[in-house]
Amino acid sequence: MFSGLSNISIIIWSIWILIFCIIGGVYCTREMVNNIDICLFVLVLFTAENGQTNVDAQITSKVAACAMAAERVVTKVLSVTNGGSHGTWSGPEFCAIGYYATGYSLKIEEKQGKGDDTALNAIRLKCRKGNNSPITGGTILAQDGIWGRWSREMDCDSGKQFVSFRLQVEENQGRGDDTAANYVSFMCRSFNGGGTHIIGTRGFWGPFGAWSQTCPLGSAICGLEVQIEPNQRRGDDTALNNAKFYCCSQ
């Protein structure tokens, strides 16, 4: 199917998709990101056939594509090692240019007693412009599970943004009821450094893992991506399993 395409043709096709992303709005649609994935996957195959390739760079190109469409400069991708393993990644979502995450709320299902528990179902970030600006840029939500209610919003102190996170995750229960991720906490810091503080409490089950790395000075969290297991019908549901956050300098 792709035998007649050159690397240049594939790259040109990807660029056209990005142009449509930018014309269509601030964010890439999931369909366009999927098309970019196809282009890049084919490019990996061609490059691998002709010599050594940096596969990690190809995989992260989807993030770069969406960041380009949102006009964001990503300085670091924050992740943790204790996330769950079920489900697929949503694709990245970013605050508008110049806005950073300063608050959040969580969609959590209450304990179901003898029913199937899922705990954490979604993470919603509040975007705010600048260090002390009262101007908000709304909220972003990469994807959400179907169970639970939204918590109250939790915010950094004035002048601070999110720069690191940690996940509370219940380990695999074998034949028991799995819930995977239960809660997320964030570390707040001023854009250019200074003291930090933590916001968030804790969920129902499992321990918190280690903190992620921290956004470099001159940057803060500006986007997210989540791994969510779809409805298993009669199977054991876990909903949100893992998350990544993106640091931006602009």
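Trainee: Which residues does Asn242 touch, not counting residues up to four places away in sequence?

Mentor: Asn242 touches Val80, Gly83, Gly84, Trp89, Leu167, Glu225, Val226 and Gln227. Keep in mind that this is a predicted model.

Trainee: What makes these residues contacts of Asn242?

Mentor: Contact means heavy atoms within 4.5 Å. The listed residues, among them Trp89 and Leu167, meet that cut-off with Asn242.

Trainee: Why is Asn242 called buried or exposed?

Mentor: Compare the value with the limit. Buried means under 20% relative accessible area. Asn242 has 11%, so Asn242 is buried. The residue is found in strand β13.

Trainee: And Leu167: what is its relative accessibility, and where is its place?

Mentor: Leu167 is at 0% relative accessibility, under the 20% limit, so it counts as buried. Its place is in strand β9.

Trainee: Which residues are in contact with Leu167, leaving aside neighbours within four places in sequence?

Mentor: The list includes Val80, Tyr183, Phe208 and Asn242. Thr81 gives a distance to look at: Leu167 and Thr81 are 86 residues apart in sequence and 9.2 Å apart in space, C-alpha to C-alpha.

Trainee: Now the rings. Why is the pair of Tyr104 and Phe162 called stacked or edge-to-face?

Mentor: Start with the centres. They are 5.8 Å apart, and the limit for a pair is 6.5 Å. Then take the planes. The angle is 80 degrees, and over 60 counts as edge-to-face, so this pair is edge-to-face.

Trainee: What does the pair of Tyr104 and Phe162 tie together?

Mentor: Tyr104 lies in strand β4 and Phe162 in strand β9, so the pair ties together parts that are 58 residues apart in sequence. Tyr104 is buried at 1% relative accessible area. Phe162 is buried at 0%.

Trainee: What kind of pair do Phe162 and Phe186 form?

Mentor: A stacked one. The planes are 5 degrees apart, and under 30 counts as stacked. The centres lie 4.2 Å apart, within the 6.5 Å limit. Phe186 is in strand β10, so this pair ties together parts that are 24 residues apart in sequence. Both rings' residues, Phe162 and Phe186, are buried.

Trainee: How many aromatic pairs does the structure hold, and which residues form one cluster?

Mentor: The structure holds nine aromatic pairs. Tyr104, Phe162, Phe165, Phe186 and Phe245 form one aromatic cluster.

Trainee: How do you know that the charged end of Arg166 sits over the ring of Phe208?

Mentor: The distance to the ring centre is 4.2 Å. The limit is 6 Å, with a second test of within 35 degrees of the ring normal. Arg166 counts as sitting over Phe208, so both tests are met. Lys244 lies over the face of Trp89, at 4.6 Å from the ring centre.

Trainee: Why is strand β12 described as largely enclosed?

Mentor: Count its residues. Nine of the nine are buried, so strand β12 is largely enclosed by the rest of the structure.

Trainee: What makes β12 and β13 paired strands?

Mentor: Pairing needs at least two bridges. Eight bridges join β12 to β13, so they pair, and they run antiparallel. Ile228 stands opposite Leu240 in β13.

Trainee: How many bridges join β2 and β3 to β12?

Mentor: Two bridges join β2 to β12, antiparallel. Here Thr88 stands opposite Ile228. Strand β3 also pairs with β12 over two bridges, in the antiparallel sense. There, Phe94 has Gly223 as its bridge partner.

Note on methods
Residues numbered from 1 in each chain as written. Predicted model: local features only at pLDDT ≥ 70, side-chain atom pairs only at ≥ 80, totals over all residues. Heavy atoms only, no water. Phe/Tyr/Trp six-rings, centres within 6.5 Å; stacked < 30°, edge-to-face > 60°. Helix = DSSP H or I, 4+ residues; strand = E, 2+ residues; numbered from the N terminus. Buried < 20%, exposed > 50% of the residue type's maximum accessible area, 1.4 Å probe, protein only.
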